[in-house]
Amino acid sequence: MKRSETVVQRIRDVFPDAVSDAVPDTVNDASAFHGDISVTIRKNRLSGVVRLLATDPDLGFDYLSDLTGVDYPGKEPRFEVVCHVTSTKDGTVIRLKIPVTSSDPTLQTITPEYPSANWYEREVYDMFGITFPGHPDMRRILMPEGWRGHPLRKDYPLGGEAVAFTSNKDFIEEQSLPFILEGKRNGYLELTPDGFTLSNLERLGLSGAEGRIILNMGPQHPSTHGLLRLLIELNGERISRIIPEIGYLHTGIEKSGEHLTYPQALTLTDRADYLANLFNNLAYCLAVERLLDLEIPLRAQYIRVLLCELNRLASHLLAIGVMAHELGATSVLLYCFREREIIMDLFEMLSGVRMMTSYITIGGLRDELPEAFIGKVGDVLKIFPDKINEYEKLLTKNPIWLKRTKGIGYLSAGEALGLGASGPLLRGSGVKRDLRKQTPYSSYDHFDFDVPVGENGDVFDRYIIRVEEMRQSLRIIRQVIDKLPEGPVKADNRKVVLPPRDELDKGMEALIHHFLIASRGFPVPKGEAYRTVESPRGELGYYIVSDGSERPYRFRIRGPSFANLMTVPAMARDCYIADVVAIIGSIDPVLGDVDR
Amino acid sequence: MVTLRIDDRETTVADGTMIIEAARGIGIEIPHFCYHPKLSVSGSCKMCLVEVEGLAKLVTACTTAVSRNIVVRTRSEKVKEAQRATLSMLLINHPLDCPVCDKGGECPLQDYTYRYGPGKSEFSDEKWHFKKPVDLSPLIVLDRERCILCTRCVRFQEEVAVHPEIEVTERGRGSFIEVARPEGFTSNFSGNTIELCPVGALTSRPFRFKARPWELKRSPSLCPHCGCGCNIWLDVREDKIMRVLARENPPVDGGWLCDRGRFGYRFVSHASRLKTPLIRKGEGFIPCTWEEAISRVIGGFKKGREVYGSESIRGLASPKLTNEELYLFRKFFQEVAGTNSSGYTLNGDLMIESLRPADCSGLRRFSFQDIDEADSIFLIDGDPSKDLPILDLRIKKAVKKGARLFIAGSAEIELSDFASASPIPVGTELNSVPEKGGKGGFDRRFSGEIRDSKRSVILLGRKTDPSEVESLCSFLKELHDNGGGEGWISLGVLMPAANTQGAQDMLSGDTILNSQGIKYGVPGKSDVPDSRVKCLFIARQEIPDITNLRNHLDFLAVYDIFLSDTARVADVVLPAAAFSEIDGTYTNSERRVQRLFKTTQTPGEAKPLWEVMTLLAKATGTGWDFHSSRDVMREISEKISLYRYISYEEIGMKGSYADGTTSGPRYYR
């Protein structure tokens with residue numbers, strides 16, 4: 001019996017009436033992805049099932065990967081809350097789907113079992129209007145307080161402004177006003193000014209009484225890695241409470257994605273975690289390719305690995321450089337940027353842009369690598385090992401650095417898992433979980449590499465893990481170059497993959513397929529898929545629901561930074577205010593990834 | 001009835017149904033190019049091949065009738081292979097035009113190739129070439145390389161329009177579509193061939209290269225050009241109408257459009273549309289605000305009333321305006337200006353007012369579908385081909401089915417070719433051969449023919465002499481009452497303008513003004529110019545001898561979309577909204593009320609007439625409370641008993657008869 005089937009059987013045994021529908025998901029069949037399975041759970045049985053999954057040692061689903069919603073207006077139950085719970089021991093993912101009616105849009109919170117459900121449930125409330133009785137802090141998370149409506153509901157209109165070109169400039173100026181008026185009429189643009197007044201702060205449990213100070217750090221602050229806001233209650237210089245506030249960089253990527261065709265939505269994924277754009281491309285493509293049942297040529301898989309590891313190098317360089325800079329070691333930042341530039345140049349050579357490459361596409365790669373590319377990657381392999389040693393020389397034994405990082409921001413393994421941490425943050429706390437090893441994708445199992453793990457769960461461990469991961473990335477890159485097979489870089493499916501350019505001026509069939517894929521997109525079979533990759537920040541997952549049309553019905557991004565930020569209060573407890581900067585730096589959050 | 005299985009689904013259909021139709025009935029799509037439900041079967045494209053169990057070869061679903069208990073497969077490997085092969089063959093000579101082809105994005109050839117065709121071409125030789133593009137007419141461009149010779153266009157012209165002006169010439173591989181007549185492709189239904197063409201071979205000259213289908217926003221509307229009220233789609237990009245397509249409403253238009261309706265849209269976005277109110281300054285005009293213009297108009301009216309009395313104030317509205325506009329127009333002149341003399345223009349079609357329902361009670365009120373059921377059709381002094389073109393198609397279809405057509409008229413018309421008997425001689429007015437009490441030639445010639453029919457339709461055209469109408473009605477009533485069953489004779493008037501019927505309904509009871517100067521009187525009895533008129537408000541109407549009229553007037557205000565010759569001599573010119581810029585309703589010739597939707601913005605400060613009338617009323621201190629045309633319709637349904645069941649909800653997308661249910665027959669009372 002497969003692991004997934006055992007799980008469902010166990011749930012059935014304990015709660016005979018809980019499972020209303022367990023479909024061995026044909027899309028997620030066991031061989032392709034470690035047997036994740038969809039189980040529809042009755043609403044009133046959720047807590048019990050989740051407790052069983054989380055606490056039963058045989059099951060061991062100790063990690064909540066994702067919790068989100070899907071809206072099906074016109075259907076009843078209208079909403080579906082979808083949880084992906086994972087066993088970090090073997091990587092099994094189980095998808096729990098809980099139907100929620102529009103007449104009673106509530107669901108018992110699962111924060112007691114999975115503390116990381118805290119922010120996810122707030123997000124579902126914010127985006128879908130489903131409330132979670134028992135939740136410790138049920139309020140909006142991405143949209144501002146006082147916002148009307150729930151944006152990811154399907155009947156909520158896609159907002160945004162028309163872009164002015166010379167051809168429609170005058171038109172837009174005339175048009176923009178009615179749009180705004182309409183928005184106001186429907187209440188979508190009406191905001192009640194409800195900032196953090198003193199009473200609000202008290203509601204959040206922050207108190208300025210008895211010699212305590214409430215400090216507002218961010219969202220405009222050089223060491224919050226973007227638009228992150230921290231509400232800090234200080235007792236002297238020590239932190240007594242800290243509350244991260246997010247949403248300042250919310251751009252509605254998920255909403256937009258549901259209005260674009262599959263190839264168009266790819267370009268949005270670059271813009272979520274903009275420092276790990278290729279990982280976003282990859283996770284999205286893996287999910288869509290699963291729905292399409294596309295076979296990706298080996299060469300394309302290898303090049304995907306190569307590009308992702310280059311991207312990891314660039315991202316970690318920035319993480320280390322910026323963290324060092326924030327703790328006062330400015331020269332490290334300059335050195336890191338110098339080397340990162342080499343990789344940026346490589347991406348530019350590949351695609352013409354440095355960051356938003358969208359180079360990994362559904363069905364393979366946008367194009368074959370430029371001829372000189374592999375040679376240039378060889379330069380990286382030559383240059384980088386020494387450079388990494390150089391950074392270590394500057395930091396690893398530097399007493400000031402040690403003073404600022406050793407023993408700071410402690411996070412236990414249990415807390416890390418419970419709060420949904422992943423990536424270097426989780427491994428720093430001693431949990432050896434790397435999705436490249438645990439649930440290999442894109443042929444990662446063809447390459448040898450080690451997964452560095454920390455012992456102390458502090459800022460220093462996270463730093464040293466990133467340094468070591470860069471070495472491992474170089475190791476993988478070298479193997480990719482050595483083993484890179486010949487062959488196509490695009491799947492052999494003309495209904496999805498754009499035909500080669502030279503066929504367009506010869507064959508009518510190629511021309512028509514190109515025209516329609518580019519203008520209308522391609523229909524993706526009904527179904528759902530959740531695919532994860534190990535991004536520089538951790539578990540990056542895309543949950544795509546297709547209704548059979550050319551546009552994703554649900555375009556969900558599980559960004560690792562979102563969950564990772566939930567660990568801040570645990571890490572910063574009783575720290576000095578100055579250590580907050582080190583802690584944030586060691587998480588390496590990308591706010592585009594948090595807020596999407 | 002025959003029961004058969006298609007793709008493992010059972011269906012029961014009438015004998016003689018083709019497989020393609022049986023499949024469509026249960027929602028199974030069989031790809032096709034040459035087949036069209038409203039045209040004869042051709043069976044030439046071979047796209048609809050299906051497998052019938054027991055038959056060695058695949059059969060074309062459009063030419064094979066169902067038979068008992070056959071098992072049809074539309075998605076078997078054999079069928080898929082045939083579909084791939086058919087598409088490959090069609091694409092061999094298809095030019096690489098998608099990037100520059102108007103059809104791209106809404107092209108059945110593209111869609112089928114994506115869904116059923118191969119991804120790669122196996123053909124590498126030179127493609128077949130023709131000179132291209134070829135202008136078939138000033139409106140239609142033919143690209144022979146793109147043509148797949150499905151002959152839908154040829155069949156449409158031959159069977160539906162009955163203008164067989166295009167044909168397939170040459171043979172085999174070298175055959176192509178050609179204009180068959182020396183006078184060219186002049187059919188006034190030619191535009192339908194563009195919509196029928198399953199590839200980009202026939203394209204519209206005005207729309208050519210203007211927009212991609214996915215950039216267009218499609219909104220429902222009505223054709224504003226005649227009394228048919230054909231339903232249309234407006235495809236709009238950046239607030240500009242890019243093209244007009246048929247929106248099928250079978251009882252009204254049967255899914256076709258005439259060329260006037262299809263191509264007559266560019267005036268809406270013309271650069272010379274009036275954008276601001278204008279007031280006279282010396283020989284010319286200067287732009288002004290609405291406040292200034294409104295106070296000018298009110299001033300003009302006030303002065304006229306003081307000097308000459310309220311009978312000197314007149315309003316003259318065009319039947320191009322919507323019911324809502326016309327209603328408030330009349331309300332203003334009646335309630336605010338205190339004159340009973342607002343009216344609408346008929347361009348001399350005075351007979352329309354002279355048909356009194358009481359004279360013909362018991363007769364069926366004409367609805368378009370009556371033509372389909374009639375076995376005799378009588379056309380009196382009217383030319384549907386010119387005035388209500390879409391009725392022309394209906395009449396031709398009825399004649400084809402066996403109905404007899406009789407024509408009485410003063411001019412040779414297109415439908416004369418379809419008449420069953422020689423028409424009353426050309427040049428003979430209906431009443432010019434008077435016989436017993438002046439019933440004219442009509443009853444002398446045709447009373448026997450009417451008596452012989454089971455269902456008869458009598459249509460009065462615009463040239464009918466108004467003085468004849470009364471006697472004609474009583475003649476028909478006599479025939480009807482002595483014949484079989486209620487409503488076996490259906491009587492209708494061919495209303496020439498989009499809302500002539502609506503104008504009659506909204507303004508009935510008022511004095512009729514016509515456009516030949518400002519003459520008035522009981523229709524048909526008085527042609528005396530009314531010298532009392534001193535202040536005139538003309539809405540959306542051109543007056544032919546306006547300079548002459550202007551000399552008698554003290555004050556003239558004109559509301560129009562262009563600075564017409566009439567507007568040029570006005571004291572105040574108000575910018576008007578065109579049909580796509582207003583919410584409202586039109587009532588067509590069969591008294592079906594249908595909706596117009598605001599789709600594009602009015603240019604500059606132009607306003608719909610109902611808004612202008614509300615402004616004028618407000619300026620005189622009368623408190624009108626109309627904020628939308630919906631408000632006006634609410635009052636119409638309260639005040640005009642004929643429209644008491646009409647509301648925007650009731651009208652919906654298909655329209656609703658003002659004087660009865662949408663389905664059942666209606667009678668004159």
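Among contacts in chain B between residues at least 6 apart in sequence, what percentage join residues at least 24 apart? The share is 67%, where a contact means heavy atoms within 4.5 Å.

This is a predicted model, in which local features need pLDDT of at least 70 and side-chain atom pairs count only at pLDDT 80 or more, while totals for chains, interfaces and linings use all residues. Residues are numbered from 1 along each chain as its sequence is written, and chains are lettered from A in the order in which they are written.

Select chain B and colour it by secondary structure: 20 helices and 28 strands appear, taken as DSSP runs of at least four residues (H or I) for helices and at least two (E) for strands, numbered from the N terminus. Of the 669 residues in chain B, 60% are buried, that is, under 20% relative accessible area with a 1.4 Å probe, counting protein chains only.

Next, move to chain A and select strands S11, S12 and S13, which form an open antiparallel sheet in that order; two strands count as paired if DSSP finds at least two bridges between them. Because S11(A) (527-535) and S13(A) (554-558) each have a single partner strand, they stand at the edges, with one side of each left without a neighbour in the sheet.

Now zoom in on S12(A), residues 538-546, which 5 bridges join to S13(A); Ile544(A) has Phe555(A) as its bridge partner there.

Finally, add helix H9(A), residues 277-292, which lies across S11, S12 and S13 of chain A and runs at about 150° to S11(A), an angle taken between N-to-C directions on a scale from 0 to 180 degrees, with axes fitted to C-alpha atoms, for helices over the stretch in contact.

Terms used: Heavy atoms only, no water. Buried < 20%, exposed > 50% of the residue type's maximum accessible area, 1.4 Å probe, protein only.
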